[in-house]
Each structure stands twice: as C-alpha cells, then as structure tokens.
Amino acid sequence: MNIPMATVGLSLILALGAAAPAAAAGRSGARSLLAQANTGAVVHGHGTAFRGPRGAAGMHGRRTVADGQGNAATASAGAWRGPHGGAAARSGETGHSADGSWQHQSGFAARDAAGDSISSHGSASGDGQGHASFTRQTDANGSRGSYAGSTTGASGQGLTHTTQLTGANGQSYDGETSISRSGITHTGSCSNAAGQAVSCP
C-alpha cells in the first residue's frame with residue numbers, strides 16, 4: 001500500500017488555509033495527532049502563522065501520515081512576505097514504502113522588491129536496493145543577468161551539471177561538467193551579444 005502524496009499535500013493546504021484567519025495579528029499555531037491503536041496508523045500535523053509590522057507575514061505547516069505497515073509520507077510548505085516587498089515560498093514531500101523504496105521532491109521560489117528572483121525544484125528516488133537517482137533545476141533572473149543550472153545523477157552513473165549564464169550586456173556562457181568513475185570532464189563556450197563565439201575569460 002502506498003500513501004498518495006497528493007492526498008498529503010492537499011490536506012496540508014487545507015490545514016494552512018484554516019489557520020490563515022488566525023494570523024491577523026501576532027503569532028498563532030495549531031497541532032493535531034491522531035493514532036489508531038488497532039492498526040498502528042498515525043496522522044500528525046501542525047501549522048503556524050504570523051503577521052508582523054509593515055506587512056510582514058508568514059505561514060508554515062507539516063503533515064505526516066503512516067499506516068503502521070511501513071508506509072509513510074510527509075509534506076510541508078511555507079510562505080513568507082517581507083516588510084519591503086520581498087516574498088518566498090517552499091514546499092517538499094517525502095514518501096517511504098514498506099519495500100524500502102522512497103521518493104522526495106521539493107522546491108522553493110523567492111523574489112525581492114526590485115523583481116530579482118530565484119527558483120529551484122528537484123526530486124530524488126531510490127528502490128531500497130542501493131540504487132538512487134536525482135535531478136534539480138535552478139533558475140535566477142535579475143538586473144545583472146540570468147542563470148540556469150541543472151544537475152542530474154544516478155547510482156553507478158555519476159552526475160552531470162549544466163550551466164547557462166547570460167549577462168546584462170547580452171554575453172553568455174554555456175558549460176557542462178560530468179563526474180564519473182572514469183574522471184571529470186568539462187566543456188564550455190562563450191558568445192557575445194550578437195551570438196558570435198568568443199574566447200571565455
């Protein structure tokens with residue numbers, strides 16, 4: 001039996017929504033624990049919210065579900081707003097099955113008052129037999145340019161990271177680095193604002 005991650009995430013969202021009105025001033029929180037003695041199943045959740053001066057506010061919650069048979073899942077999420085216009089949010093889900101397999105996914109996003117932003121999301125999984133893989137993508141954009149990076153890896157295959165950089169003046173860099181048992185390899189190239197190849201600094 002696998003516990004559907006979507007169910008855990010939906011329950012967390014509902015719990016956070018219910019807590020929101022209480023965050024009108026100061027800090028508030030809620031916690032719950034439900035256990036079934038006959039099956040060993042457990043559901044545990046908590047949520048907190050706050051509202052500060054000059055518009056600052058935030059909310060965070062977590063919910064864990066276990067069926068007493070070795071299957072468990074947990075999900076958490078949070079969102080924050082700063083007093084000067086910046087904002088950030090993150091969420092994550094992790095599940096573990098009785099057969100030893102597991103999976104995880106998470107991500108975050110943030111921006112400041114000037115509009116500069118960064119976001120990242122990734123996932124990982126394993127079969128419980130020593131084999132695992134992962135992937136993560138990160139992007140950033142701002143007045144000084146943009147960045148896009150991707151990292152992937154798997155047991156016995158090493159990892160690969162790619163990078164794309166673009167400066168405010170239009171110059172760009174593309175690179176790839178791979179690490180494996182046979183060693184490290186790297187390639188990279190640069191272009192000017194017109195897209196013509198140039199020597200990398």
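A residue counts as exposed when its relative accessible area is over 50%, as buried when that area is under 20%, and as partly exposed in between. With that yardstick in hand, a good place to start in this predicted model is R54, which comes out as exposed because its relative accessibility is 62%. R54 sits in the loop between β2 and β3. Its backbone is a bit unusual to look at, too: phi is near 60°, a positive value in a residue that isn't glycine.

The strands on either side of R54 belong together. Strand β2 covers residues 42-51 and strand β3 covers residues 57-66, and the two run antiparallel, paired over ten bridges. Together β2 and β3 make a hairpin, with five residues between them, and R54 is part of the turn. Where the pairing meets that turn, R51 stands opposite A57 of β3.

Further along the chain, another loop joins the picture. G130 is found between β7 (117-126) and β8. G130 counts as exposed, since its relative accessible area is 63%. Some 25 residues separate G130 from S155 along the chain, while their C-alpha atoms are 7.8 Å apart.

Strand β8 itself takes in residues 132-142, and F134 is one of its members. At 36% relative accessible area, F134 is partly exposed, which fits with the 30% that a patch residue has to exceed. F134 does indeed help to make a nonpolar surface patch, along with L159, I179 and I184. The area of this patch is about 350 Å².

That leaves the cysteines. How many disulfides does a search of the whole structure find? It turns up one, made by C190 and C200, whose sulfur atoms are 2.1 Å apart. C190 lies in strand β12 (residues 183-191) and C200 in the segment after β13 (197-198), so the pair ties together parts that are ten residues apart in sequence. Such a link is a covalent bond between the sulfur atoms of two cysteines. The torsion about the S-S bond of C190 and C200 is about 115°, and therefore the disulfide is right-handed.

Are the two ends of this bond buried or exposed? C190 is buried, because its relative accessible area is just 9%. C200, on the other hand, is partly exposed, with a value of 36%.

Notes:
Residues numbered from 1 in each chain as written. Predicted model: local features only at pLDDT ≥ 70, side-chain atom pairs only at ≥ 80, totals over all residues. Heavy atoms only, no water. Pairing = 2+ DSSP bridges. Helix = DSSP H or I, 4+ residues; strand = E, 2+ residues; numbered from the N terminus. Patch = residues over 30% accessible without salt bridge, like charges linked within 9 Å, V, L, I, M, F, W, Y side chains within 5 Å. Areas by Shrake-Rupley, 256 points an atom, 1.4 Å probe, with all protein chains shown as cover. Salt bridge = Lys/Arg side-chain N within 4 Å of Asp/Glu carboxyl O. Buried < 20%, exposed > 50% of the residue type's maximum accessible area, 1.4 Å probe, protein only. Disulfide = S-S within 2.5 Å.
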